[in-house]
Amino acid sequence: MCYNSLILTLRRGCVQNRLFGENFRIQQARNFSIKGFKLAGANVDKRTLASAELRKQRTFSDRSQLKYARRLVVKLGSAVITREDANGLALGRLASIVEQVAECHHEGRECIMVSSGAVAFGRQKLTHELLMSMSMRETLSPSDHTREDASSTLDPRAAAAVGQSELMSMYDAMFSQYNVKIAQVLVTKPDFYNEETRKHLFATLSELISLNIVPIINTNDAVSPPMFVHDDTVVPGTGKKGIGLKDNDSLSALLAAEVQADLLIMMSDVDGIYNKPPWEDGARMMHTYTAKDKDQVEFGTKSKVGTGGMDSKVNAATWAMARGVSVVICNGMQEKAIKTIISGRKVGTFFTDSPAPSSSSVDVSAENARTGSRVLQQLSPAERASAIHTLAELLVDKQDQILQANSKDLEEATRDGLAKPLLNRLALSAGKLKTLSIGLKQIADSSYENVGRVLKKTKLAENLVLRQITVPIGVLLVIFESRPDSLPQVAALAMASANGLLLKGGKEAAHSNKALMELVKESLKTVGAQDAISLVSTREEISDLLSMEKHIDLIIPRGSSDLVRNIQKQSQHIPVLGHAEGVCHVYVDKDADPTKTLKIVRDAKCDYPAACNAMETLLLHEDHLHSSLFTDICNMLKKEGVKIHAGPQLSNHLTFGPSPAKTMKHEYGALECCIEIVKDLNEAVDHIHKFGSSHTDVIVTENDESANRFLNSVDSACVFHNVSSRFADGFRFGLGAEVGISTARIHARGPVGVEGLLTTKWILEGTDHTAAEFNEGRRTWLHEKLPVN
């Protein structure tokens, strides 16, 4: 007995140490005075709180705080656990949920599950047995169709009795894969009415949690009457008000309140709460729900599976919220829903009675951008050009205001240790603003034939003319780091192409971006389209924006290769235009002029090493290895402060020298580069195709035949002869500016200006033409090409 007591004490101590060690940050945030957070659940009894209002004030006020949730209740609805035919479990979906709960458990969070599914699982088992017993009857009487209605004839209590043990066996097998222990707790409605059983129930849950065990709670449907028969507001025999136990929604809410949970996640088969049934016109997803929103919701019919409808879920959620539990109702069929919610992303509907103050909803901004795009499209070309000219003039007229804001960003970024290349991109100057202004005026002056330009005109038949014209893509989302000068450039291109625009800048340029956006709004206001372009608040997560495929048509990331690569990886439904890396090459051919070579290489690497079009790898024809040109290049680069790395072939030719390059496909973004040796032009082209990023590649040669072979062979967005790679730029190309450089092979490639932000639509005009007339020979096809003018 003493031995067992010792083991139990040690086990509890290990659990406590594990929670403290693995979840120290969470406990610190929960147990100390962090404004707006609820006290740690296990140590506070709600009966000791002064009032329900005090509990409300301690709910999480913002999704970003959900990462601090220590005690979780996860409710799995029948529609989540069961297959669409309601017979059997959706094993893949259930396995994913178990994995997420196990991960939360190993992070030190205390997890409780409220699970449906016993009836559905049992019905599957019993239906199989029933069909087997019916086989003889069906054989003797072919007209007997009892088999078709087998599942509907089963008593749900019998199905629950069979299914409950099978369900727990399934949970046990799944959780054991993650070394997590579980316990089954079956409850009935009277368990909550009797003060003694109620006390024992929650004492059991508390003990299980202290032993690092995940309790899985379900109603004992084998003996209980259906939970939706009664709706009690007062617990019999106690005189205390409680929630009417009608389904697992209300059960999970009651449990979450009683165990002082920080967060209740109610998983269903819908994305969240809508202001009206999702299939009706005007239905809008409510990402945040407060008690005052109740009158704004119009409920439809309940799910085909389970006992609780959406009104039941909302009532249960608001009841729990009023008792200090934050709630999220989400679609349990969404991948990684639990972990995504805890990370703070906008998934499902977040219930809170103290929402944190925030800027206008991104959804509203996106809708305004769509409307604003249509306003811009209806303006005359002169009006759009006028707005851009106004912005160009404001950049110069209000440069003191802009530079003052930029100096704040630079001061904060320097204090925070921002990398030097990013600091260079962040800095603005009077000269930069003047160059920006000139570029914007170029965009304005060239914008008169952007939108509505006729590309093709065909006379299909008499009095039947088809035109293909240019139109804006719709709503753009441009995500950029550090470079605040991107904001007016992209805004001007959006105006010129009549696109709505959402801009998401980095927090390091917050002051500069805000000052520049005020000028953009001021310029748009002159043509009545001030809502067409908006700056997204830094509170909004990029991951949330990437899921707005209903509002956003194209994403354009501008920044580091990591940023672009992450955006391309995360965006599953919205096209992304951009380049993940800028691994640009300069190939010095055997017939290169030494003077030109030094000039071009210096500019390509040293003019602006942080730019995506800066040279990262210098390829030298092997004939130069033992010439003075090789020495001159190395000396010049060292003089400019460039750190040189040697490629494999160069390292083989040197007994000592630069350190070997770790990889030949690297974007240094600084005063560093790699030098490699190739034996001829073909090997240079092969090297570029193998290690390049299809951005910009250069040949330096006096041999026109070699130059042409290189220009035609290299499959990159930009291929140059005897010029620096730094010319790969929208302004230098005469586009005025660029939204980015694309290495994609569809739609736009290279520096993307206005042309890359346009698509087309077809306009057909006739009199009373019908397709049947052509089929019947009463009208004749002509398909005559007409001049577009």
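Let's start in the loop between α9 and β5 (263-268), because that's where Gln260 is found, and the rest of the tour can follow from there. Gln260 has a positive phi of about 60°, although it is not a glycine. Keep in mind that this is a predicted model. As background, most residues other than glycine have a negative phi. Is Gln260 buried or exposed? It counts as buried, at 5% relative accessibility.

There's another residue of this kind. Asn179 is not a glycine either, and its phi is positive, near 60°. You'll find Asn179 in the loop between α7 (156-176) and β3 (182-187). Here, though, the surroundings are open: Asn179 is exposed, with a relative accessible area of 64%.

Okay, back to α9, the helix on one side of that Gln260 loop. Helix α9, residues 248-258, packs with helix α10, residues 310-322. In general, two packed helices are described by the angle between their axes and the distance between the axes. For this pair the angle is about 10° and the axes are 8 Å apart. That makes α9 roughly parallel to α10. And who makes the contact? From α9 we have Asp249, Ser250, Ala253, Leu254 and Ala257, and from α10 it's Ser312, Lys313, Ala316, Trp319 and Ala320. If you sort that contact by class, you get six nonpolar, two polar and two charged residues.

Next stop, helix α17, which covers residues 486-497. It has 12 residues and reaches 16 Å from its first C-alpha to its last, close to the 16 Å expected at 1.5 Å a residue. How many of the residues of α17 are buried? The count is 12 of the 12, so the helix is largely enclosed by the rest of the structure. Among those buried residues are Leu487, Val490, Leu493 and Met495, but also Ser486, Gln489 and Ser497. Right after α17 comes Ala498, and its phi is positive, near 65°.

While we're in this stretch of the chain, have a look at Leu477, which lies in strand β13, residues 475-480. Leu477 is buried, with a relative accessible area of 0%. Leaving out residues up to four places away in sequence, Leu477 touches Leu502, Lys504, Leu545, Leu546, Ile552, Leu554, Ile555 and Ile556. Leu477 and His551 are 74 residues apart in sequence, yet 9.8 Å apart in space, C-alpha to C-alpha.

Now for the sheets. One is an open sheet of four strands, in the order β26-β12-β11-β27, with antiparallel pairing. At its edges stand β26 (758-765) and β27 (784-785), each with a single partner strand, so one side of each is left without a neighbour in the sheet. In the middle, six bridges join β11, residues 454-461, to β12, residues 464-472, and those two run antiparallel. If you want a landmark there, the bridge partner of Thr458 is Leu466 in β12.

The other sheet I'd like to show you is an open one with seven strands, and its pairing is parallel. The order is β20-β19-β21-β18-β17-β22-β23. Its edge strands are β20 (659-660) and β23 (718-721), and each pairs on one side only. Five bridges join β18, residues 615-621, to β21, residues 672-678, and the two run parallel. To find them on your screen, look for Thr617 standing opposite Cys674 in β21.

Two helices pack on this sheet. One is α21, residues 594-606, which touches β17 (584-588), β18, β21 and β22 (696-700). The direction of α21 makes about 155° with that of β18. The other is α22, residues 628-639, touching β17, β18, β19 (643-646) and β21. The direction of α22 makes about 170° with that of β21.

Let me finish on β21. Which residue of β21 is the bridge partner of Leu619? That's Glu676. Four bridges join β21 to β19, and these two run parallel. There, Ala646 stands opposite Ile675 in β21. And β21 is mostly covered, with six of its seven residues buried.

Terms used. Residues numbered from 1 in each chain as written. Predicted model: local features only at pLDDT ≥ 70, side-chain atom pairs only at ≥ 80, totals over all residues. Heavy atoms only, no water. Pairing = 2+ DSSP bridges. Contact = heavy atoms within 4.5 Å. Axes fitted to C-alpha atoms, helices over the stretch in contact; angles between N-to-C directions. Parallel < 35°, antiparallel > 145°, perpendicular 65-115°, else oblique. Nonpolar A, V, L, I, M, F, W, Y, C, P; charged D, E, K, R; others polar. Expected span 1.5 Å × (residues − 1). Buried < 20%, exposed > 50% of the residue type's maximum accessible area, 1.4 Å probe, protein only.
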